[in-house]
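Got the viewer open? Let's walk through this one stop at a time, selecting as we go.

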Amino acid sequence: MTSYEGTRRGEGLRVALVCARFNDLITDRLLAGARDALARHGVDEDSVIVAWAPGAFELPLVAQRLAASGEVDAVVCLGAVIRGATGHYELVAGQCAAGLQRVQLDTGVPVAFGVLTTDTVEQAIERAGTKAGNKGFDAAVTAIEMADLLRQLPKGGERSA
Ligand code: INI
């Protein structure tokens with residue numbers, strides 16, 4: 001049997017953080033959590049790119065450009081879509097999630113989903129570094145593990161965008 005599992009060792013990895021400005025009270029905290037996770041897991045600060053998008057709806061296009069650039073091993077997307085604050089919550093959140101999944105399947109570069117989708121601002125705050133941890137931190141750790149796993153797995157299949 002051959003078994004594969006990614007490690008959480010980030011040494012040598014190049015990572016892009018794509019952060020939505022909408023609800024930046026929350027997304028700033030997610031970004032801080034993601035940067036903390038990368039540093040704690042050995043990713044060199046000079047190997048990290050940060051790009052800001054206007055909102056969660058724009059994250060997939062920015063992620064696609066970076067993933068297709070050949071310059072990053074993983075992309076971490078950060079945003080906060082809060083139901084109370086929008087009538088088109090489902091559209092923004094759904095298109096963001098579907099778009100990001102498409103980017104990783106099309107490019108073969110892992111894209112971690114660090115986008116909060118909550119009913120209230122309070123729930124978002126809880127997940128951005130208070131009661132319920134920091135989902136930006138968690139997404140960055142996922143990105144490291146996926147980048148390492150993909151480094152080990154047999155190559156092939158993905159479209160080069
Ligand atoms: N963008 C978010 O990231 N979070 C939200 O909660 C949100 N709301 O409430 O609408 C939101 N809207 C903006 C959207 O992402 C686009 O930037 C906008 O529609 C322009 O394309």
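Start by selecting Cys 19 and then Leu 78, its bridge partner in strand 3. (Strands are DSSP E runs of at least two residues and helices are H or I runs of at least four, both numbered from the N terminus.) What you have open is a predicted model, where local features need pLDDT of at least 70 and side-chain atom pairs count only at pLDDT 80 or more, while totals for chains, interfaces and linings use all residues. Residues are numbered from 1 along each chain as its sequence is written, and side-chain values use heavy atoms, leaving out hydrogens and water.

Now widen the selection to strands 1 and 3: they run parallel, joined by five bridges. Two strands pair if DSSP finds at least two bridges between them. Add strand 4, which pairs with strand 3 in the parallel sense over eight bridges. Leu 78 turns up again here, with Gly 114 as its bridge partner in strand 4.

Stay on strand 3 for a moment. Is it buried or exposed? Nine of its nine residues are buried, meaning under 20% relative accessible area with a 1.4 Å probe and protein chains only (exposed is over 50%, partly exposed in between). Colour Ala 74, Val 76, Leu 78, Ala 80 and Ile 82 for one side, then Val 75, Cys 77, Gly 79 and Val 81 for the other.

Next, go back to the cysteines. How many disulfides does the structure hold? Zero, counting a disulfide as a pair of cysteine sulfur atoms within 2.5 Å. For Cys 19, the nearest cysteine sulfur belongs to Cys 77, 9.5 Å away. For Cys 77, that of Cys 96 is nearest, at 6.9 Å.

Select helix 1 (24-40) next. Its buried residues include Ile 26, Leu 30, Ala 34 and Leu 38. Look down the axis: the buried residues fall within an arc of 160°, so they line one face of the helix. (The arc is taken from the directions from the helix axis to the C-beta atoms.) Turned away from that side are the exposed Leu 25, Ala 39 and Arg 40. Just after the helix, find Gly 42, with a positive phi of about 90°.

Last stop: the largest nonpolar core, a set of 26 residues. Such a core is made of buried Ala, Val, Leu, Ile, Met, Phe, Trp, Tyr and Cys residues joined through side-chain atoms within 4.5 Å. Among the members that touch the most others are Val 15, Ile 26 and Leu 78. Strand 1, helix 1, strand 3, strand 4 and helix 5 each supply at least two residues.
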